[in-house]
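Trainee: Could you take me through the salt bridges in this one, slowly, and show me how they sit in the rest of the fold?

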Amino acid sequence: MSSTVIPTFRYKNAKAAIDFLTQAFGFTAQAVHAEGETVVHAQLVHGTGMIMLGTDTEDEWGSNVTTPDEASRPAGAVYVIVPDVHAHAAAARVAGAEIIMEPEAQDYGGHNYAAKDPEGYIWSFGDYDPWADTA
């Protein structure tokens with residue numbers, strides 16, 4: 001199965017973001033295309049999901065999106081399904097993630113927690129799988 005919705009991000013330091021996302025949140029770098037210190041395009045996977053990211057530049061795409069430090073607060077978050085929320089949160093904390101919502105049970109089912117990455121993007125991780133409820 002492939003992902004038909006792929007969130008994209010711009011980071012001031014995309015190389016550091018890739019290192020953080022792989023170490024703290026368990027993503028795997030599938031492809032990284034860089035020119036010097038600029039990441040032109042990167043694809044990171046987690047299970048069957050993917051995100052794409054690059055260095056924040058004033059190119060055609062970059063001039064139309066913003067980063068959390070340029071906004072009053074992030075406009076949204078990405079939810080990632082993980083098998084063990086508490087273990088994932090503990091590993092993310094050790095890797096330097098700022099946990100902004102501790103792991104807790106949700107009214108709609110499952111447990112989740114939220115973390116902020118070093119550039120201010122919000123990530124939510126949980127064991128609730130909305131696809132399982134529709135299968």
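**Salt bridges and their surroundings**

Mentor: Happy to. The count of salt bridges comes to five. Keep in mind that this is a predicted model, so everything below is computed from predicted coordinates.

Let's start with Lys12. Side chains of opposite charge can pair when their charged atoms come close. Asp56 makes a salt bridge with Lys12, and their closest N and O atoms are 2.8 Å apart. Asp56 belongs to the loop between strand 4 and strand 5, while Lys12 belongs to the loop between strand 1 and helix 1, so this pair ties together parts that are 44 residues apart in sequence. As for cover, Asp56 has a relative accessible area of 17% and is buried, because buried means under 20%. Lys12 has 41% and is partly exposed.

Lys12 has another partner. Its side chain also meets that of Glu70 in a salt bridge, at 3.0 Å from N to O. Glu70 again lies in the loop between strand 4 and strand 5, and Lys12 in the loop between strand 1 and helix 1, so here the parts tied together are 58 residues apart in sequence. Glu70 is partly exposed, at 47% relative accessibility. Put the two pairs together and you get a network of salt bridges that links Lys12, Asp56 and Glu70.

Now look at what those loops connect. Strands 1 to 4 make up an open sheet of four strands, in the order 1-4-3-2 and with mixed pairing. Its edge strands are strand 1 (8–11) and strand 2 (28–35), each of which pairs on one side only. From one strand to the next, the twist averages 15°. Helix 1 packs on this sheet and touches strand 1, strand 2, strand 3 and strand 4, with its direction at about 15° to that of strand 3. Within the sheet, strand 3 (residues 38–46) and strand 4 (residues 49–55) pair in the antiparallel sense over five bridges. If you want a spot to click on there, Gln43 stands opposite Met52 in strand 4.

While you're at helix 1 (residues 14–25), have a look at Phe25, which is found in it. Phe25 is buried, with a relative accessible area of 1%. Leaving aside residues up to four places away in sequence, its contacts include His46, His88, Tyr113, Trp123 and Phe125. You can also check Phe25 against Ala95: they are 70 residues apart in sequence, yet 8.5 Å apart in space, C-alpha to C-alpha.

Back to charges, with a further pair to visit. Arg93 forms a salt bridge with Glu102, where the closest N and O atoms are 2.9 Å apart. Arg93 is partly exposed, at 41% relative accessibility, and Glu102 is partly exposed too, at 43%.

Glu102 falls within strand 6 (98–105), which, along with strand 5 (77–81), is an edge strand that pairs on one side only. The sheet in question is an open one of four strands, in the order 5-8-7-6, again with mixed pairing. Its twist averages 15° from one strand to the next. At the other edge, strand 5 runs parallel to strand 8 (residues 122–126), and five bridges join them. One of the residues to find there is Ala77, whose bridge partner in strand 8 is Ile122.

Zooming out, the protein chain has two helices and eight strands. Along the sequence they follow the pattern β-α-β-β-β-β-α-β-β-β. For its 135 residues, a compact globule would have a radius of gyration near 14 Å, and the chain's 15 Å agrees with that. The C-alpha trace spans about 45 × 30 × 25 Å along its principal axes. Buried residues account for 37% of the chain. Of the contacts with a separation of 6 or more, 52% come from residues 24 or more positions apart. On the outside, the chain exposes about 7900 Å², with carbon and sulfur atoms supplying 53% of it.

So when you come back to the viewer, begin at the network of Lys12, Asp56 and Glu70, and then move on to Arg93 and Glu102.

Conventions. Residues numbered from 1 in each chain as written. Predicted model: local features only at pLDDT ≥ 70, side-chain atom pairs only at ≥ 80, totals over all residues. Heavy atoms only, no water. Pairing = 2+ DSSP bridges. Axes fitted to C-alpha atoms, helices over the stretch in contact; angles between N-to-C directions. Rg over C-alpha atoms; globule rule 2.2 N^0.38 Å. Buried < 20%, exposed > 50% of the residue type's maximum accessible area, 1.4 Å probe, protein only. Contact = heavy atoms within 4.5 Å. Areas by Shrake-Rupley, 256 points an atom, 1.4 Å probe, with all protein chains shown as cover. Salt bridge = Lys/Arg side-chain N within 4 Å of Asp/Glu carboxyl O.
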